[in-house]
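Reader: I should like to study this structure step by step. May I put some questions about it?

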Amino acid sequence: MDKSFQEEFTQIIKFQPPLYKQRYQFVKDLVEKYKPKKVADLGCADCSLLWMLKFCSCIEVLAGLDICANVMKEKMHTLSPLPVDYLQPSERSLTVTLHHGSVAHKDPCMLGFDLVTCIELIEHLEESELKKFPEVVFGFMAPSIVVISTPNSEFNPLLPRVMLYRHPDHKFEWSQAEFQSWALETARCYNYSVEFTGVGHPPTGMEKVGFCTQIGVFVRKCPQTGESVQSEKPTEAVYKTVFKAVYPSLKDEKYLQNAVISEVIFTAQIIKHRLMSKRKDGDDPERKSKFQPSMDYVSDCLGKLVVERNMEPFVSGNEVYIPLATIFSFPKVNRLCGTFEKLCKLIAGKVTLSSDGSAVMFNIEHENE
């Protein structure tokens with residue numbers, strides 16, 4: 001439903017938060033409960049729900065479908081990655097795709113979803129589309145969970161500006177009994193269970209009217225086999241893809257390598273700064289003695305430097321050496337790489353290392369001037 005239109009007729013009965021936000025929050029709470037990886041929003045309109053869901057860390061695939069391509073195109077830019085997404089890639093992968101098409105048609109791109117949302121959608125469908133809708137969503141797509149919300153017509157008398165339907169594009173609006181009858185029959189036919197709830201509470205003393213928006217949550221009773229899905233796949237796609245965004249992810253070796261290199265250099269710089277600060281603290285012999293063993297060791301080895309993994313960071317002439325083992329012990333570096341061997345592989349040839357490759361090396365010639 002158009003948000004401005006909704007706010008106009010609900011201004012006397014004030015919903016806090018606004019009704020559309022309550023519906024979106026309901027979906028978000030469901031996502032946090034069930035942790036679906038792939039979510040499709042049918043009738044996604046201006047992509048507001050998809051935008052909110054892209055921040056849910058469990059979701060790796062988001063898809064939107066709407067019959068009106070222009071509405072999607074106006075807001076689809078909000079689903080694109082931001083510069084910060086490239087500077088700080090997420091640990092999860094995320095792909096967002098928008099399709100132009102009808103929920104009355106089957107397309108293989110909508111297979112394999114864990115959760116399908118239909119928020120304020122079915123009341124916009126023509127009778128012929130509504131008849132095909134259950135077979136497409138519950139029979140063909142067959143996700144684990146389907147959420148359907150629709151206006152409760154019994155609430156309409158409490159909305160003073162509503163004459164027949166809440167929106168001029170609505171083809172019908174069901175009472176609680178009508179929605180529940182349709183939902184129960186659909187659940188029975190396609191082997192789902194369904195629970196009823198809603199958002200937008202009625203005024204005190206009028207609880208029998210029910211929620212302003214009624215919601216059915218359908219849960220598939222048993223997993224669908226891959227064979228049954230494949231047998232119903234249409235041979236050709238019928239939806240048109242109007243938008244696709246693949247977010248940078250640390251699961252991609254390219255982005256992981258960049259992140260590791262950046263973190264290694266950052267960590268090494270911090271260690272170097274602390275080391276140099278201690279050296280500049282003055283003539284305190286006790287402070288100097290802490291570094292003397294390493295200095296003597298380097299003097300003995302001269303051109304044949306060997307840095308043991310368990311050594312402390314040290315300075316030799318104009319060079320500072322930060323052992324990789326020390327850098328690997330930092331939580332973020334450890335978490336990014338997983339193993340010391342992978343750390344070495346990712347930074348090889350990208351970071352200046354000691355002759356044996358066991359320490360990050362900095363030249364401080366100009367810093368000593």
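Reader: Is glutamate 120 buried or exposed?

Author: The model is a predicted one. In this model, glutamate 120 belongs to the loop between strand S4 (115-119) and helix H6 (127-141). Its relative accessible area is 4%, and the cut-off for the lowest class is under 20%. Glutamate 120 is therefore buried.

Reader: What is the phi of glutamate 120?

Author: Glutamate 120 is not a glycine. Its phi is nevertheless positive, at about 55°.

Reader: Which class of accessibility does asparagine 191 fall into?

Author: Asparagine 191 is found in the loop between helix H7 (176-189) and strand S6 (192-199). It too is a residue other than glycine with a positive phi, near 65°. Its relative accessibility is 34%, and values between 20% and 50% form the intermediate class. Asparagine 191 therefore counts as partly exposed.

Reader: Where is proline 17, and what is the form of the peptide bond from glutamine 16 to proline 17?

Author: Proline 17 is placed in the loop between helix H1 (3-9) and helix H2 (19-34). The peptide bond that leads to proline 17 from glutamine 16 has an omega near -5°. The form of this bond is cis.

Reader: How are helix H9 and helix H14 oriented to each other?

Author: Two packed helices are described by the angle between their axes and the distance between the axes. For helix H9 (residues 253-279) and helix H14 (residues 340-347), the axes are 9 Å apart and the angle is about 95°. An angle of 65 to 115 degrees falls in one class, so H9 and H14 are roughly perpendicular.

Reader: Which residues meet where H9 packs against H14, and how many of them are nonpolar?

Author: From H9 come Glu253, Leu256, Gln257, Val260, Ile261 and Val264. They meet Lys342, Leu343, Lys345, Leu346 and Ile347 of H14. By class, this contact of H9 with H14 has three charged residues, one polar residue and, as the number requested, seven nonpolar residues.

Reader: Why does cysteine 344 form no bond with cysteine 337?

Author: A disulfide is a covalent bond between the sulfur atoms of two cysteines. The sulfur atoms would have to lie within 2.5 Å. The cysteine sulfur closest to that of cysteine 344 is in cysteine 337, and this separation is too far for a bond, because it is 8.8 Å.

Reader: How many disulfides does the structure hold?

Author: The case of cysteine 344 has just been considered, and its sulfur is too far from the closest cysteine sulfur for a bond. For the structure, the number of disulfides is zero.

Conventions
Residues numbered from 1 in each chain as written. Predicted model: local features only at pLDDT ≥ 70, side-chain atom pairs only at ≥ 80, totals over all residues. Heavy atoms only, no water. Axes fitted to C-alpha atoms, helices over the stretch in contact; angles between N-to-C directions. Helix = DSSP H or I, 4+ residues; strand = E, 2+ residues; numbered from the N terminus. Parallel < 35°, antiparallel > 145°, perpendicular 65-115°, else oblique. Contact = heavy atoms within 4.5 Å. Nonpolar A, V, L, I, M, F, W, Y, C, P; charged D, E, K, R; others polar. Buried < 20%, exposed > 50% of the residue type's maximum accessible area, 1.4 Å probe, protein only.
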